[in-house]
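I opened my notebook to look up how the helices pack and where a pocket might sit. Here is what I wrote down, entry by entry.

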Amino acid sequence: MYWVDLDEIAIMTGRCWAELHRLLRAIPALESALSRYDDTRARDKALYLSWLASAYLDAGEVEYSAAITGKVLDLSQGLASARPAGRSRILLHRLQQHRQLTPVAELLERSAAS
C-alpha cells in the first residue's frame with residue numbers, strides 16, 4: 001500500500017461521499033486533496049476529478065462541473081486507460097441537459113471535435 005497517503009485517503013473518502021450524494025462532505029474532501037495532487041499523475045487525477053465534477057453537478061453548480069470536466073478531458077488526452085474516458089462520457093451525457101449554458105455548450109462542442 002505504498003501509494004496510500006493522507007491525500008489518497010481523503011480522495012477515497014470524498015468519492016464515497018459523492019456516491020452517497022453527501023455533497024457538503026464530498027466537495028471539500030476532494031477539492032482539498034486534489035489541490036495537492038500533481039497533474040503528472042494524469043490518469044488518477046482525471047478519475048478523481050470526475051467525482052468532483054459529478055458532485056458539483058449534483059449540487060447544481062453546472063458551470064463549475066463543466067470546467068472540471070474540461071480538466072478531466074485535458075488530463076485524459078492520450079491516456080491508454082479506458083476508465084477516465086468512460087467517466088468523461090458519463091459526465092458529458094449528464095451535462096447534455098444543460099447545453100443552453102455557454103460553458104457547457106463549449107465543452108460539448110470541444111468534446112465532439114476531438
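**Entry 1: the pocket**

What volume does the largest pocket have? I looked it up and found about 240 Å³. I note here that this is a predicted model.

Next I listed the lining. From α4 and its surroundings I wrote down Leu73, Asp74, Ser76 and Gln77 among the lining residues. The list also includes Pro84, Ala85, Ser88, Arg89 and Leu92, and it ends with Arg110, Ser111 and Ser114.

Which helix gives the most to this lining? I found that α5 does, with five residues. At least two residues come from each of α4, α5 and α6, the last of these spanning 102–113. Sorted by class, I have four nonpolar, five polar and three charged residues around the pocket.

**Entry 2: α4 against α5**

I then turned to the helix pairs, starting with α4 (residues 62–76) and α5 (residues 82–95). Their axes come within 10 Å and cross at roughly 155°. The angle is over 145 degrees, so α4 runs roughly antiparallel to α5. I noted the crossing as left-handed.

Which residues of α4 meet α5? I wrote down Val62, Ser65, Ala66, Thr69, Val72, Leu73 and Ser76. Their partners in α5 are Pro84, Ser88, Leu91, Leu92 and Leu95. This contact holds eight nonpolar and four polar residues, with no charged ones.

I also cross-checked against the pocket. Leu73 and Ser76 of α4 are in this contact and they line the largest pocket too. The same goes for Pro84, Ser88 and Leu92 on the α5 side.

**Entry 3: α3 against α5**

How do α3 and α5 cross? For α3 (residues 42–58), I found an angle of roughly 20° to α5, with the axes coming within 9 Å. That makes the two helices roughly parallel, and the crossing is left-handed.

On the α3 side I listed Arg43, Ala46, Leu47, Ser50, Trp51, Ala53, Ser54, Leu57 and Asp58. α5 answers with Arg83, Pro84, Arg87, Leu91, Arg94 and Leu95. By class, I get eight nonpolar, two polar and five charged residues.

Pro84, Leu91 and Leu95 caught my eye: these α5 residues touch α3, and they also meet α4.

**Entry 4: α4 against α6**

My last pair was α4 and α6. Their axes are 9 Å apart and the packing angle is about 20°, so α4 is roughly parallel to α6. I put this one down as left-handed too.

Where do they touch? Val62, Glu63, Ala66, Thr69, Gly70, Leu73 and Asp74 in α4 meet Pro103, Val104, Leu107, Arg110 and Ser111 in α6. I counted the classes as six nonpolar, three polar and three charged.

Back at the pocket, I see Leu73, Asp74, Arg110 and Ser111 in its lining, and these four belong to the α4 and α6 contact as well.

Note on methods: Residues are numbered from 1 along each chain as its sequence is written. This is a predicted model: local features need pLDDT of at least 70, side-chain atom pairs count only at pLDDT 80 or more; totals for chains, interfaces and linings use all residues. Side-chain values use heavy atoms; hydrogens and water are left out. Axes are lines fitted to C-alpha atoms, for helices over the stretch in contact, and angles run from 0 to 180 degrees between N-to-C directions. Angles under 35 degrees count as roughly parallel, over 145 as roughly antiparallel, 65 to 115 as roughly perpendicular and the rest as oblique. A crossing is left-handed if the near helix is turned anticlockwise from the far one by less than a right angle, and right-handed if clockwise. Contact means heavy atoms within 4.5 Å. Ala, Val, Leu, Ile, Met, Phe, Trp, Tyr, Cys and Pro count as nonpolar, Asp, Glu, Lys and Arg as charged, and the others, Gly among them, as polar. On a 1 Å grid over the protein atoms alone, a cavity is a set of points where a 1.4 Å probe fits but cannot get out, and a pocket is an open set with protein on both sides within 12 Å along at least five of seven lines; lining residues have an atom within 4 Å of a point. Grid points are joined across faces, edges and corners, and a volume is the space filled by probe spheres set on the points.
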